[in-house]
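Please open the structure in a viewer and keep the selection panel at hand. The tour below proceeds from one selection to the next.

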Amino acid sequence: MLFSLIKNEYYKLFRKKKIYIFAMIIAAMAFIPVIINTIEEAGINFTVNTLPLENLSWSTEMIIPIFIAVLVADLITNEYQEGTFKLSLVSSVTRMELLAAKIITLVSVITLLVLFTMMVSYLSGAIFLDWGIPFQFNNVTLTETQGILYTFGLYFLSVIPLSAFGILIMFLGFKLESGGSVVGLTIGIFFIMNIIRQLSKLMRPLVLSNYFNTGYLLSSDGMSDKLIILIIVSLVYGLAFFGLSVSDLIKKDIVK
Amino acid sequence: MDNIILKIENLEKNFGKLKAVKNVNLEVKKGDVFGFLGPNGAGKSTTIRMVLGLVNPDKGRIIIDGLEIQKDYKEALKKVGTMVETPSFYEYLTGYENLKLTAKLYQGIKHVDIIKILKKVGLKDRKDNKVKTYSVGMKQRLGLARALINKPQLVILDEPTSGLDPQGKKEIRELIKGLAETEDVTFFICTHQLNEVEQICNRVAILQEGKIIANRHINKKENEKWIEIYTKQKNEAKMILKQDEKIKNMKISKNGLLIYTKETQIEKINSLLNQRGIKVKYIIPEMESLEEYYLKETGGKFDVI
């Protein structure tokens with residue numbers, strides 16, 4: 001049943017234009033550093049090794065959080081308001097099964113978009129840029145394959161805090177009455193998170209958006225400690241808002 | 001008990017201070033086309049939503065074919081097809097795709113089954129058009145197709161003809177009547193339209209301000225009813241008609257004799273009494289229609305369309 005529900009969510013998602021638009025935006029944005037590279041006055045020299053990390057930054061800190069809001073609005077809020085949320089429930093599907101299917105869809109689509117960002121970054125880099133200086137980590141020079149694997153790891157790890165953020169927004173998606181308000185509130189929350197990050201060193205480790213761009217894991221020592229904190233903070237956010245969503249959905253009277 | 005497909009016991013629901021459903025009890029037998037009648041805001045949709053598990057009851061039990069939905073939600077709902085209010089669809093998908101999404105949630109529903117049901121509701125030729133291009137009537141028919149796709153034993157329809165023009169209403173009613181006769185499906189139809197119930201239902205419960213105020217069979221022309229024979233020869237007429245097995249009940253009235261039988265028997269009774277020398281002034285069947293009955297019960301709060 002869960003598999004059928006997830007297949008249905010994917011079917012609906014890929015019959016809409018939104019995911020293709022976001023994919024096109026990501027592809028276009030991934031290409032911008034390549035163009036900048038051609039402008040000598042800019043004084044920037046991106047390489048195949050550095051381009052994916054550069055693109056990880058803006059995709060996880062700008063495009064994907066907005067996409068999460070749009071996706072949650074479609075998966076939850078718009079479906080509820082348009083009366084299609086109940087269609088599965090009256091077809092012998094439990095509320096928990098439906099919630100699980102929506103969360104799995106959300107997390108898997110975030111993963112797909114993150115990996116798509118990495119793929120187009122490597123692709124545009126490989127076509128237009130040089131490989132440049134080899135990747136270095138902990139004073140060890142990595143081979144190109146190792147560099148790609150590390151980059152893949154960083155991209156993959158960014159899925160963890162982004163998914164926790166998605167679950168937070170999903171909880172709000174049940175509460176709000178329009179897809180527009182979900183997107184608006186998500187941007188607001190994201191903005192506030194970033195302000196707290198900038199203003200308070202003390203609060204910074206508690207702010208989820210602090211962990212979206214996992215590129216920081218490479219920047220200095222103590223990678224394993226940083227990784228553990230990333231996972232703990234993400235789990236706390238994810239589990240807390242998952243619990244709230246479950247409790248809310250079980251009690252909810254579906255009147256639309 | 002085995003003959004009961006839906007049983008509602010002591011069902012109650014409050015929304016804040018509003019008591020939407022108050023101690024509702026009813027039973028729907030297999031094969032019934034059951035009308036759940038009430039004015040707008042009477043609590044019909046809330047009751048239906050509780051039956052479908054969409055709204056949590058404050059009190060009471062709902063049993064579908066022996067399974068209590070609060071305990072066996074999945075199994076109980078497998079036997080049910082539904083169309084709740086104006087049916088909702090993924091408007092950007094085609095009619096076929098919408099049915100396919102629902103079909104995937106049940107086992108063993110194949111492409112041919114979807115086509116068959118689309119043909120039954122007259123949408124086969126429009127199956128590949130997006131639902132956003134459908135008229136209200138087509139959406140209602142697609143909603144009905146979705147309600148029937150899992151070959152349910154019980155179909156719950158909430159205002160199935162809402163928003164339709166007279167022709168559309170007629171088509172949907174014919175469709176329901178046909179399905180009830182040919183597919184052996186029990187229908188539970190929630191409506192505020194008296195004539196709808198009169199035309200397609202065999203039983204009706206009436207809900208007003210959250211309470212069931214009446215629950216009865218519907219007299220159709222072919223059904224039995226009280227018929228008054230106006231004659232001065234009351235006792236002689238009674239003696240003669242006593243022999244007739246088709247007369248289920250009989251009593252002396254102020255004007256003559258009251259008999260309980262089918263309306264189609266009137267001509268035969270009249271000629272029998274004439275042959276035996278009884279002077280009959282009039283024969284008048286009980287004229288109270290469902291409309292009159294319910295307007296009386298509810299104080300005139302129904303739409304008569």
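In which loop of chain A is A:Ser92 found? Select A:Ser92 to begin, bearing in mind that this is a predicted model. A:Ser92 is found in the loop between α4 and α5 of chain A. With 20 other C-beta atoms within 10 Å, A:Ser92 is buried, since 20 is the number at which a residue counts as such. The backbone also merits a look: phi of A:Ser92 is near 65°, a positive value in a residue other than glycine.

**Chain A as a whole**

Next, display the whole of chain A as a cartoon. Chain A holds nine helices and two strands, and along the sequence they follow the pattern α-α-α-α-α-β-β-α-α-α-α. The radius of gyration is 20 Å, close to the 18 Å that the globule rule gives for 256 residues, so chain A is as compact as a globular protein of that length. Taken along the principal axes, the C-alpha atoms of chain A fill a box of roughly 60 × 40 × 30 Å. Of the 256 residues in this chain, 37% count as buried. Among contacts in chain A with a separation of 6 or more, 81% are between residues 24 or more positions apart.

**Two helix pairs in chain A**

Select residues 2-14 of chain A, which form helix α1, together with residues 95-128, which form helix α5. These helices pack at an angle of about 50°, with their axes 9 Å apart. An angle of this size lies outside the ranges for roughly parallel and roughly perpendicular, and α1(A) and α5(A) are therefore oblique to each other. The crossing of α1(A) past α5(A) is right-handed. To view the contact, show side chains on both helices: the residues of α1(A) include A:Leu2, A:Ile6 and A:Leu13, and those of α5(A) include A:Leu98, A:Ile104 and A:Val109. The residues of this contact divide into ten nonpolar, one polar and three charged.

Now move to helix α3 (residues 51-82) and helix α6 (residues 144-175) of chain A. The two pack at an angle of about 30°, and their axes are 9 Å apart. That angle is under 35 degrees, which means that α3(A) is roughly parallel to α6(A). This crossing, too, is right-handed. On the side of α3(A), the residues to pick out include A:Leu56, A:Ile64, A:Ile68 and A:Val72. On the side of α6(A), A:Leu162, A:Phe165 and A:Ile169 are among them. By class, the contact has 17 nonpolar, six polar and no charged residues.

**Where the chains meet**

Display both chains and select the residues in contact across them: 23 come from chain A and 21 from chain B. On the side of chain A that touches chain B, α1 and α4 (85-89) each supply at least two residues. The largest share of that side, five residues, comes from α1(A). By class, the side of chain A that touches chain B has seven nonpolar, eight polar and eight charged residues.

Keep both chains visible and select residues 95-103 of chain B, which form helix α3. Seven of the nine residues of α3(B) are buried, so this helix is largely enclosed by the rest of the structure. The buried residues are B:Gly95, B:Tyr96, B:Asn98, B:Leu99, B:Leu101, B:Thr102 and B:Ala103. What covers them includes elements of both chains: α1 and α4 of chain A, together with α4 (111-120) and α5 (136-148) of chain B.

**Chain B and two of its residues**

Hide chain A. Chain B has ten helices and 14 strands, and its C-alpha trace spans about 75 × 50 × 35 Å along its principal axes. Of its 305 residues, 40% are buried.

Select B:Glu85, which is found in the loop between β6 (80-83) and α3 of chain B. With 18 C-beta neighbours inside 10 Å, B:Glu85 counts as partly exposed. Leaving aside residues up to four places away in sequence, B:Glu85 touches B:Ser45, B:Asp158 and B:Glu159.

Finish at B:Asn23, in strand β2 (residues 18-29) of chain B. Phi of B:Asn23 is near 45°, a positive value in a residue other than glycine. This residue is partly exposed, with 14 other C-beta atoms within 10 Å.

Definitions and conventions:
Residues numbered from 1 in each chain as written. Chains lettered and ligands numbered in written order. Predicted model: local features only at pLDDT ≥ 70, side-chain atom pairs only at ≥ 80, totals over all residues. Axes fitted to C-alpha atoms, helices over the stretch in contact; angles between N-to-C directions. Helix = DSSP H or I, 4+ residues; strand = E, 2+ residues; numbered from the N terminus. Parallel < 35°, antiparallel > 145°, perpendicular 65-115°, else oblique. Left-handed = near helix turned anticlockwise from the far one by under 90°. Contact = placed C-beta atoms within 7 Å. Nonpolar A, V, L, I, M, F, W, Y, C, P; charged D, E, K, R; others polar. Rg over C-alpha atoms; globule rule 2.2 N^0.38 Å. Buried ≥ 20, exposed ≤ 12 C-beta atoms within 10 Å, placed from the backbone.
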